[in-house]
Amino acid sequence: MDLVVTAAEPEFARQFGLSADEICGYGLLDLLGSPVPARLREQFTALSAGHCRRFTERVTGRDGAGGNFCAEVTGVAVRNPLGDMVGVVVFLRRAPDAVSGGPVLSALDAQVLEGVASGQSTVQLASRLYLSRQGIEYRVGQMLRRFDAPNRPALVARAHALGMFAAGQWPPRVLPERVR
């Protein structure tokens with residue numbers, strides 16, 4: 001299935017920092033990413049095969065400034081009177097601005113979260129950040145409560161789901177706009 005943008009409303013294109021003319025020719029999967037990479041393509045394939053008439057999926061997009069945004073994408077099959085699919089209409093509903101409504105960490109907490117996300121132990125973090133083991137455990141415990149996570153892997157998963165980390169970076173880095 002060819003997932004190329006052939007026409008777009010100006011507001012849709014503006015979310016990616018493009019004009020309605022500029023966005024034409026872009027691959028939709030290049031503009032949008034799904035938490036489960038193959039899932040979005042599977043949804044569009046099911047739509048084109050007639051297995052469903054519409055779908056809604058949570059996605060991440062990249063705006064014109066290089067930042068990420070969270071949204072829900074809905075794909076709707078457009079069919080002619082004979083029932084043949086002639087296109088797909090895609091609606092993008094951007095989630096409320098996660099940066100203004102989401103968690104913001106102190107610089108030290110961001111470093112601790114980055115260390116936890118990269119698999120560093122308490123002792124390794126304490127040594128690298130010149131803190132005591134108890135200081136690291138205190139900060140991790142505070143973040144576990146703040147993110148409502150039962151353990152470190154869940155903390156990292158929750159932070160990732162909230163868009164705290166820069167995409168495609170190893171070791172993980174908390175986005176600058178999430179640090180005060």
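Trainee: In this predicted model, in which loop is Gly83 found?
Mentor: To place Gly83, look at the strands that flank the loop holding this residue. One of them is E3, covering residues 68-79, and the other is E4, covering residues 85-94. Gly83 therefore belongs to neither strand, and is found in the loop between strand E3 and strand E4.

Trainee: Is Gly83 buried, partly exposed or exposed?
Mentor: A residue counts as buried under 20% relative accessible area and as exposed over 50%, with partly exposed in between. The relative accessible area of Gly83 is 37%, so Gly83 is partly exposed.

Trainee: What distance separates the C-alpha atoms of Gly83 and Gly50?
Mentor: Along the chain, Gly83 and Gly50 are 33 residues apart. In the model, their C-alpha atoms are separated by 9.4 Å.

Trainee: Turning to helix H6, how many of its 11 residues are buried?
Mentor: Helix H6 spans residues 107-117 and is largely enclosed by the rest of the structure. Its buried residues, among them Val112 and Leu113, pack against helix H7, helix H8 and helix H9. The enclosure of H6 follows from the count of its buried residues, because that count is eight of the 11.

Trainee: With which side chain does the side chain of Asp109 make a polar contact?
Mentor: Asp109 lies in helix H6 and is buried, with a relative accessible area of 13%. Leaving aside residues up to four places away in sequence, Asp109 touches Met143 and Arg139. The polar contact, at 2.8 Å, joins the side chain of Asp109 to the side chain of Arg139.

Methods. Residues numbered from 1 in each chain as written. Predicted model: local features only at pLDDT ≥ 70, side-chain atom pairs only at ≥ 80, totals over all residues. Heavy atoms only, no water. Buried < 20%, exposed > 50% of the residue type's maximum accessible area, 1.4 Å probe, protein only. Helix = DSSP H or I, 4+ residues; strand = E, 2+ residues; numbered from the N terminus. Contact = heavy atoms within 4.5 Å. Polar contact = N/O pair within 3.5 Å; in protein donor to acceptor, adjacent residues only side chain to side chain.
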